Structure formats: C-alpha cells, structure tokens
Amino acid sequence: MLLDFEKLGILRPFLIGLTALVCLFLILPIVFIAALSFGSSQWLIFPPPSWTFKWYQMLFADPRWLYSALTSLKIAAIVTVLSVVIGFLAALGLNRGSFFGREALRALFLTPMILPVVVLAVALYALFLQLGLAGTTVGFIIAHLLIALPFSIISIGNALEGFDKSIEDAAILCGASPWEARIRVTVPAVSHGIFAAAIFSFLASWDEVVLAIFMASPTLQTLPVKIWATLRQDLTPVIAAASTILIAFTILLMVLAALFRKGRKA
Amino acid sequence: MVVSATTDGGQRKIRRNGSFGYVVPALLLIAFFFIIPVLMLLMRSVLEPTPGLQNYRELLGSTTYLRVFMNTFTVAGLVTVVAVVIGFPVAWLLAIMPDKWSRLVMAIIILSMWTNLLARTYAWMVLLQRTGVVNKMLINLGIIDKPLALVNNLVGVTIGMTYIMLPFVILPLIGILKSIDPAVLRAAALCGANKRQCFTRVLLPLSLPGIASGALMVFVMSLGYYVTPALLGGTSNMMLAELVAQFVQSLVNWGMGGAAALVLLVVTLVLYAVQLKFLNPNRAR
Amino acid sequence: MTQPFLSIKGIRKTYGQVIAVKNVTLDVAQGEFMTFLGPSGSGKSTTLYILAGFQDPTDGDILLNGQSLLSTPSHKRNIGMVFQRYTLFPHLTVGENVAFPLRIRRVGQAEIAERVSKALKLVRLEGFEDRKPALMSGGQQQRVALARALVYNPPVLLMDEPLSALDKKLREEIQFEIRRIHQETGVTILYVTHDQEEALRLSDRIAVFSQGEIDQIGTGQELYANPATHFVAGFIGDSNFINAEVLSSADGKAKLALPGGTVIDGVPMHAGKTGGKSASLLLRPERLSLSSHQVANGLAVTINDITFLGNNIEVSTRTGNGESLSVRLPFGHEAIASISRGDQAWLSFEPKSTHAFA
C-alpha cells in the first residue's frame, strides 16, 4: 500500500507537497543567481530595481576572466582525454583480469573519490613544491586526473560489465587481431560508458576548486580559482554573471547527455 | 582428480591472465601522485619540526582545535540528519510516482548537483546575507523583526551543505526503495497492519540499510568539505578541512597540517570501511 | 593411409588441480557434421575453445590438413564460430556485421556487397541488411551470426550450443536450417550441445563426452543400438538400468541372473575395468513388452502408474526389490486394457537387444 502511488491516501498530498518544496529549495538558488546577473543592483537586491547587461560586459571586458576560462577549458580537455584512455585500460584490466589483488586494486583506484580533497590537495602541493610542479599546467593536470580517473573507471567498468566478452571473441575469430577487435567492436559497444566517462571527467576538472586553489599561481588560474579569489573579496554581481554562464554550460551538457541517451535507444 | 570445471569459468581464467598490464598506467599515477604524497605528508606530521608526536598532542589537547573538531562533527551530523529526514520522503515519492513527473524532479535534482559548487555556494551567500531575500521574506511575513545572522556562522554552513548533500541522499535511496516489492506492503496491509505499522514495521526496516549507508556517506563527505564551510562559515567557525588548509597555506606549518590531515584521513577511512563492511546495500540484498 | 582433414591429437587441458579435458583424440573428415555431446563440464566446450584458439591445451596437438594450428593465433586461424550467446556487434547493422570479416580481410567494396547478400540469402535473411541487431529476435540474430561466420568461407565452422537460448519450436526450425546450410555449403561443422535430440537430428557422427574424455564416437544409430559405456547408454535415448548378477561371460556375451531369479543368456557384455560379479543391465523402455499374465523368462513387476503421452503410453513399474522400470507401449496396445495401477505384470525382452555394463 505504502508503495502504491494510487493508494497512499493522505500521505500522498504530504509527500507531494514536501517534494515540491524540496524542488523549489533545489532550483530557486540557481534561478535566483541567473536573475540577479541581469539585475542592476550592485548589492544584489531582489527583486532588482532594473535590468542590465553591465555585469556581463564587465566580465568580458576583464581579460583575466577569459584567460582563466581558457585555462580551465584546456586543462579539462587534456584531463578528459587522459582520464578516458587510462580509465578504459584500467577498467579493461579490472574487468578481464584474474590477477591477485584485483578487488583491492579496484578499491584503491576509487579512493581519491572518497578521500577529503583537501588532504589530497595538501599532500600533492607538498610534493609539487619539491618537484617544481606547483603552479604549472602539468601539476594541474595530474591533480585533476587523480579525481577524474575514478569516474572513468566506474563508468567504463559498468559498461564493460554489460558487454559480453564473447562478442570480442567473435570479432577475433572473424579475423580481427585482439586490439583491432577492441577498437572496432568493444569501444563502439561501450561508447555510452566512454561518453559518460568523458562528461564526468570534464566536469570533475572544470568544476574543481580545492585542488585548483593549491595548484594555482598568480599567473595560472582556472575559472573556479578566479571565482574563489573574487568571492573572498566581495559578492560582486560579476560572479552572478560568471555563475550563470557556468549554469548554462551545465544545462547544455545535460541536454547533450540526454540526447545521446535517446539516440542510443533509437 | 576430475572436477567439472564449467567451460565458462575456465575460459575466463586462462584468457585473462595477461590483463594486469592494462592497470599499470592507472597504478603508476595513483602510486606516485596519491599514495607517495599522502605518506610523505604523514611522515612530516611526525618529523616536523622535531621527530615525535607533539603535533598530535597539540592538535588533540588544545581547546582551540577541539572546537574545530566539535564544529566539524556538529555540522556534519546536522547536515546528515536534515538531509535524511527531508530526503527520505522525496525519494519515497520518486520511487513510486509516475515516470512523467519523476523525470522532471530528477532533472531538477541532477541540475542542482551538476551546477558548479562555487555558483551554488555564492547563491546561498547572497540569499542568506543580512539584506538577502531570506531575511527580507521572514521580516515581511512578520516572523522576525530584525534580520538574522545567517552567514558567517554554522547556520549558513548547515543550510549550504544540506543543499549540496540532499541529492547524495535522495538518488541512492530511490534505488533502494524501488527494489522493495510493493507486494510486501500489500501483504502487510492484508495481515492487518495499519499505515503507521506498515511504515514502522515494514517499509522503514527494509530501507534502513540504504538509509544508514547514505547517511554515513553524507556524514563522511561533510566532514572533509572545504569550500562551502570556508565561504559560508567565516573564520571563527572553522571546520577540519579549513584547518588543514590554513596550517599549510597561511601558517606554513607542515607538521600540524599533516597531523590534521591524518586525523581527517583516518576518520574518513574508518567510516568508509564501516560503510563497505556493514552497510553496503548491494551486499545486503 | 590418407591424412585426415582435421585431427585432434591427445588434447589435455588442466587448470592447476582441475582437469577440464583429460584426453581427447578425434579425426574429422572434410564436410562432416560432428557433434560433441555431453553434460556441462564434460570438456566438450573446452575442446572447442582450444580449436578456436581461445585456450591453449596443456598437452596434445590439432592438425588441419596436416598443419598444426596451435601456433596460429585465433584471428589468423580462419575458423568460423557461432557462440552460445548472441555475439552480433551491437553498434553495426546486420549487413555491416556480416561484412566485418571481409572488411578485416580488405576485400573490395563490390565483392563485399555481393558476398554479404549471398550469405544473408543462405540464412534466409535477405533484405535485413540495414536492421540493427537489437531489433531482431534471438533466432534471427543467431542466423546472422551464422552468415557472418560463413561469409569468409572458413574450412571449419564451430558452433557452441548456438540454440540453447531459444525456445523449443524455434530451435527445431533453426536445426532444420542448419542442416540445409550444411548440405548446401559442405562446410565441416563441429557442433557442441548437451541436447541428445539435437545431436541426433543434426549430426553425421557424435562424440559423447564424459568427464574430459570421449566415451564413444559413432553415428546416432550406432550409439543407440550399441552403446560402449554405461554413460553413453544413459545419455542417448531413454533408458532403464537394473542390477544383475554375472553368472558367466565369454566372447562379449554374458549370462545374467536378474533379481527375482530370472536367468537370461546371450546379453552383449561391455566389461569395465573392474570386471566384477555385478553388472548394470540396460533395458530400453520401447524394447520391453508387457503382459498381464506370467511369461517364460519374464520379470515380475508391479504397475505403479500409467501415463498417456499421445502417440504412446508410458507404464511405470517396480520390480520386486524396488527398482523402477518404465515401459513404452504404442497407443492402443492390447495389454493396456487389462492392467491397472497396483496390478502384477510381467516384462519380457530379447536378450540380444539389451546391454550389460560391468
């Protein structure tokens, strides 16, 4: 009864009401930020006295914002490629291997995801100071790769679980060499997992703040670092504009992912 | 001896031995840039400034740092309780409601989850400030006379963190609740249980492993959170992750930073192990 | 002696302590349909996988036209295979699936198109080129898999329980197709199954596998009429076994005492390694006759149950010392009218038609 939607009785309006409130709670801050980015009030008064594009103009007029966005994009792109490639190999090894300690290894690969990022950030920062990688693009990439990789291993690993190894064997008997079979058959067959891995890896790097704060230098900042640094000064509406662009970007990615899923079904 | 080895198992065994090589790149990355640096940091916590445990003695002995621990556990605990109490009914409804509507709610949950963490935290900084919408609304409704202090204290941190953690409670719980056969509850009702008894005696016990697992996960994640507490909490209400960062960044005290990091690490790993061992819903089912 | 087309020589495969294939030796003639029949874990699939090159034998060799295959990797063996599970490439259409082996072999576009359509015609799926595998039934998918395995004209086609995921009616339909395709193409087929009916229906010869060894190789009729071991007797056709005492045996014939004292002579005897005093006597249900009155050398039984099965009737009976025997009588057999459950009856049979296994 309690799990039959039609038979919930008085519980139903209660649950629906609560869910509606939670939805508002989850969506309103996002809507609110988007609205304020077009509001004229420097003090972010709501509702805004009038509407304006000046925060966006200020955002685009400052080359440091653009530069940090490009830095973010570059790092996220490289991290995505490396994460998918290394993650595919690792997932393949974990999926197909029967070597000793396989389960322990899987757990180890996923630890960077559950560990407090600040611990990893501080530890890497110490190491990079010694290696001279602090404040470099390479340092950034390594740091973000560590937290992106678990997403790739999980996404691609799940896809490989659902992929029948016999299909690869069939390709091999058809005359394809093992690697040819993997690239021409396995990779396309698990492409949804690879796509998910790419999106998650990209977002993991693109949105990452804590590691970035430690890896950044005055001349090398990602977008989140730039937002962070500005936020610590004041609550300028320019950040609302930057946030709105990020939110639009997120929605775009979600739509892309949804379209991709739909395309796979058809 | 002849044992019937199923051909399938046999095939897996022989053909997949060479696959260790595939994990080597990932393993090298993790070893060099995860295991080694973390171990090095922990070494420094017992070596700097002089070998010994004085960093830990100071960290666990002084009231300043004890307050940080108190803050951390209070906020993480509060966030967990609130997120579970709000999240469970939502997950419940989502598990049984028609697809058309649940898809919309899911889209909202996922959008909020995917939105940049700083953007979300910034939104709460603006909403909760003295002249912000929340205070204005409360005054207009006549609930309060003067604006409340909602940021730069633990209230702000708790609200902001709950916002972030809610999806992490709701999403796994939907799966758990969906895996419970509605027929079990119909049977309970036919056995004479009223709604309350159905809930407390059947639905809740069946979803308890999932709730516990999700709660523990949220608790662990909250313990180590850095960005949201730093922005919404202010300097006087520091949490553990901020302390670690502060030791390294502002005070350049690697010994104390390492010690604080170790405490955070140990608490996280212990709770994670507990979750894996006792509360993993995949294993329980 | 002419050299056999395909020769499996003393194949052995172990995983540590576990022996998957103990010792398999077998010659297959060109164009032959050879079935490996046995229960799961009997080593039949492992043998097939060794042929495919997915596993290496611990010992032994495989020769195709006198050349050892073992040092050739799977993808260069030029062997066709249809798997138990559906193995069409999910991202490719039916046509692209069948074209895949030809693309790998860098065959020209025009020839690919021609051979793909020919192969699809062979499995009666012409016009399905642009369909995605996910939109096809299991039976259609296995037919596409068959086309894909045959399109490059492999000398040998391996089939690993290709029909086990299909329902009975569809299975029979595709068995018929496989027979036709075998006749049309003349390809040598090695077929693995645990279904004796399927094996009998399809094969030229059957190799019965048991515990990592081949118990017997022969045509279906040979295996049925003249099983070499207790296992083969039990696996092919329906069978009853009762315990008997060996009174004497010579020249492959034995004199046996059945429980209840009946003595029969001239029973074909298959001595095992022990050659003991007791033996197991095979009585085929359809070779037993039943009568309601006592007959000479008959076996006294009690009627347990009578089941109508359409074109025949199964009577289950019990001997004096509690062994069950089932008897199959044609519909309308005169004995049926005069017996009912709980009655005493007598079974008789031709000693030549039975087999004893020590």
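User: Why is A:F249 called partly exposed?

Analyst: In this predicted model, A:F249 has a relative accessible area of 26%. Buried means under 20% and exposed means over 50%, so A:F249 falls in between and counts as partly exposed.

User: And what makes A:F202 buried?

Analyst: A:F202 comes in at 15%. The cut-off for buried is under 20%, so A:F202 makes it.

User: How many aromatic pairs are there over all chains?

Analyst: The count comes to 27. Among them are A:F202 and A:F249, with ring centres 6.1 Å apart and planes at 45°.

User: Why is that pair of A:F202 and A:F249 called tilted?

Analyst: Centres have to lie within 6.5 Å to pair, and theirs are 6.1 Å apart. Stacked needs planes under 30 degrees apart and edge-to-face needs over 60; at 45° the planes fit neither, so the pair is tilted.

User: What does the pair tie together?

Analyst: A:F202 lies in helix α9 and A:F249 in helix α12, both of chain A, so the pair ties together parts 47 residues apart in sequence.

User: What makes the pair B:F73 and B:F219 tilted?

Analyst: Their planes are at 40°, which is neither under 30 nor over 60, so tilted is the word.

User: How do you know which of B:F73 and B:F219 is buried and which is partly exposed?

Analyst: B:F219 has 16%, under the 20% cut-off, so B:F219 is buried. B:F73 has 36%, between 20% and 50%, so B:F73 is partly exposed.

Methods. Residues numbered from 1 in each chain as written. Chains lettered and ligands numbered in written order. Predicted model: local features only at pLDDT ≥ 70, side-chain atom pairs only at ≥ 80, totals over all residues. Heavy atoms only, no water. Phe/Tyr/Trp six-rings, centres within 6.5 Å; stacked < 30°, edge-to-face > 60°. Helix = DSSP H or I, 4+ residues; strand = E, 2+ residues; numbered from the N terminus. Buried < 20%, exposed > 50% of the residue type's maximum accessible area, 1.4 Å probe, protein only.
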